[in-house]
Amino acid sequence: MTGPRTAPGAPLPVVLAGARGHGRWHVANIRRLEAEGIVRLAGICELTPLTEDEFGGELPEQSADFGALLDSTGARIAVICTPIPTHTDLALTAAGRGVHILLEKPPAPSYAEFRRMADGVAAAGVACQIGFQSLGSHALPAIRELVAEGAVGRVVGIGGAGAWVRPEEYFRRAPWAGRRRLNGVDVIDGALTNPLAHAVATALALAGSTRAEDVAGIETELLRANDIESDDTSCVRITTARGGSVTVAATLCAERAGEPYVMVHGTTGRITFWYKQDRVLLQRADHGPEEMRFGRTDLLENLAAHLTDGTPLLVTPDGTGAFMQVVEAIREAPDPAPLPAGAWRHVPGEDRRVVPGVDGLVAAAADTLSLYSELGASWARPAHHLPKEVSTR
């Protein structure tokens with residue numbers, strides 16, 4: 001299925017599903033690419049229409065009916081930035097009309113829903129890019145080249161760390177926020193699966209283990225300081241099929257906000273990648289530290305280039321299969337344990353909960369490839385293990 005036709009060289013018409021919240025970032029990005037003549041915002045799908053004041057200018061066509069909007073606008077691309085449980089059905093609605101897709105992360109709340117989406121998109125013959133923006137960073141191939149050259153010796157593991165702060169109202173921003181399930185449907189909105197999902201996906205990318213079959217086993221420790229269902233302080237250790245180890249620790253209850261990063265541990269050095277900043281630090285034996293900064297390729301721009309000149313996609317659904325195995329392990333794990341009252345405190349005037357000492361624990365987990373319980377956190381419970389036989393179907 002080829003989808004609607006666009007005149008050669010004409011901007012590709014885009015429909016955005018979900019223009020509020022994080023969707024505002026997509027509005028700004030689409031406007032940037034509009035100015036370059038690459039795309040054109042043809043429509044917005046929202047259950048409650050945007051006002052011109054809210055949008056900041058003249059509005060394109062709007063509708064709450066996504067399929068009808070794709071039809072009426074002749075969209076070539078659909079950008080889907082809606083609640084996690086809606087991703088699969090909306091992606092398949094677009095695919096069924098031959099419309100190509102940029103799907104926000106996480107792509108689905110369960111591995112079964114992910115497979116339904118990925119298989120349906122493949123059968124329809126449309127392109128689908130998953131919105132892990134960090135995977136467009138030019139730092140990734142540069143780090144892979146450093147590793148291949150032996151800059152840090154033999155790689156012994158990949159660590160990831162994210163210490164963020166979020167007010168309690170963050171978990172009230174939408175009905176699905178902070179939920180594992182809503183009305184009997186999986187949501188799986190947690191620190192590792194949504195706000196700090198890039199840390200997991202980027203660490204897996206640096207491990208060269210991005211496909212579902214690249215995962216051999218997963219251990220999770222899921223906890224919460226906030227009065228929510230999902231985890232706000234958690235860690236995961238992934239054993240890859242080639243025998244490597246990827247450990248990522250995250251919290252939304254940090255004492256102070258830090259830049260998330262992933263770290264390649266080698267026998268003779270380490271490479272730290274602050275993925276939101278595209279900044280890399282190389283530290284190795286017998287050398288001074290070397291800092292490098294890189295550009296990045298925007299994923300919507302990459303998708304447009306794929307459609308116009310065949311440029312390879314940067315983040316295909318299959319390239320997020322390993323991340324979805326992590327989502328599935330978190331979904332199947334016992335519900336996150338509430339931290340004991342003495343393990344967290346309120347920050348006066350900031351409406352947020354802090355876990356004292358968690359910033360150091362997050363960093364130590366990434367540094368030593370250890371779980372919280374192995375680092376002696378009094379409030380951590382031993383890891384829940386997903387069996388080694390991880391399903392890839």
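Domain bounds, on which the distance between domain centres depends, come from an automatic or database domain assignment. The model treated in these exercises is predicted.

**Exercise 1. The two domains**

Task: State which residues form each domain and what distance separates the domain centres.

Solution. The domain assignment places residues 12-133 in domain 1, and 138-294 + 317-375 in domain 2. Taken over C-alpha atoms, the centres of domain 1 and domain 2 are separated by 27 Å. To their contact, domain 1 contributes 19 residues and domain 2 contributes 23 residues.

**Exercise 2. The interface**

Task: Describe the area buried between domain 1 and domain 2, and the residues on the side of domain 1 that touches domain 2.

Solution. The size of an interface is often expressed as the accessible area lost when the parts come together. Between them, domain 1 and domain 2 bury about 1,600 Å², and carbon and sulfur atoms account for 73% of it. Of the area that domain 1 buries against domain 2, 34% is supplied by Pro109, Tyr111 and Phe132, more than by any other three residues.

The next step concerns polar and charged pairs. Between the two domains there are 3 residue pairs in polar contact and 1 salt bridge. Arginine 115 and aspartate 318 meet through their side chains in a salt bridge, at 3.6 Å from N to O. On the side of domain 1 that touches domain 2, α5 (111-124) and β6 (128-130) each supply at least two residues. The largest share of that side, 5 residues, comes from α5. By residue class, the side divides into 14 nonpolar, 3 polar and 2 charged.

**Exercise 3. Salt bridges and exposure**

Task: For the salt bridge of arginine 279 with glutamate 291, determine which elements are linked and whether each partner is buried or partly exposed.

Solution. The structure holds 28 salt bridges. In the pair of arginine 279 and glutamate 291, the closest N and O atoms are 3.6 Å apart. Arginine 279 lies in strand β15 (residues 279-284) and glutamate 291 in strand β16 (residues 290-293), 12 residues apart. Buried means under 20% relative accessible area; arginine 279, at 16%, is therefore buried. Glutamate 291, at 47%, is partly exposed.

Glutamate 291 also forms a salt bridge with arginine 293, with 4.0 Å between the closest N and O atoms. Arginine 293 is exposed because its relative accessibility is 58%, and the cut-off for exposed is over 50%. Elsewhere, salt bridges with shared partners join Arg180, Arg181, Asp186, Glu328, Arg331 and Asp335 into one network.

Definitions and conventions. Residues numbered from 1 in each chain as written. Predicted model: local features only at pLDDT ≥ 70, side-chain atom pairs only at ≥ 80, totals over all residues. Heavy atoms only, no water. Helix = DSSP H or I, 4+ residues; strand = E, 2+ residues; numbered from the N terminus. Buried < 20%, exposed > 50% of the residue type's maximum accessible area, 1.4 Å probe, protein only. Contact = heavy atoms within 4.5 Å. Buried area = accessible area lost by both parts, 1.4 Å probe. Polar contact = N/O pair within 3.5 Å; in protein donor to acceptor, adjacent residues only side chain to side chain. Nonpolar A, V, L, I, M, F, W, Y, C, P; charged D, E, K, R; others polar.
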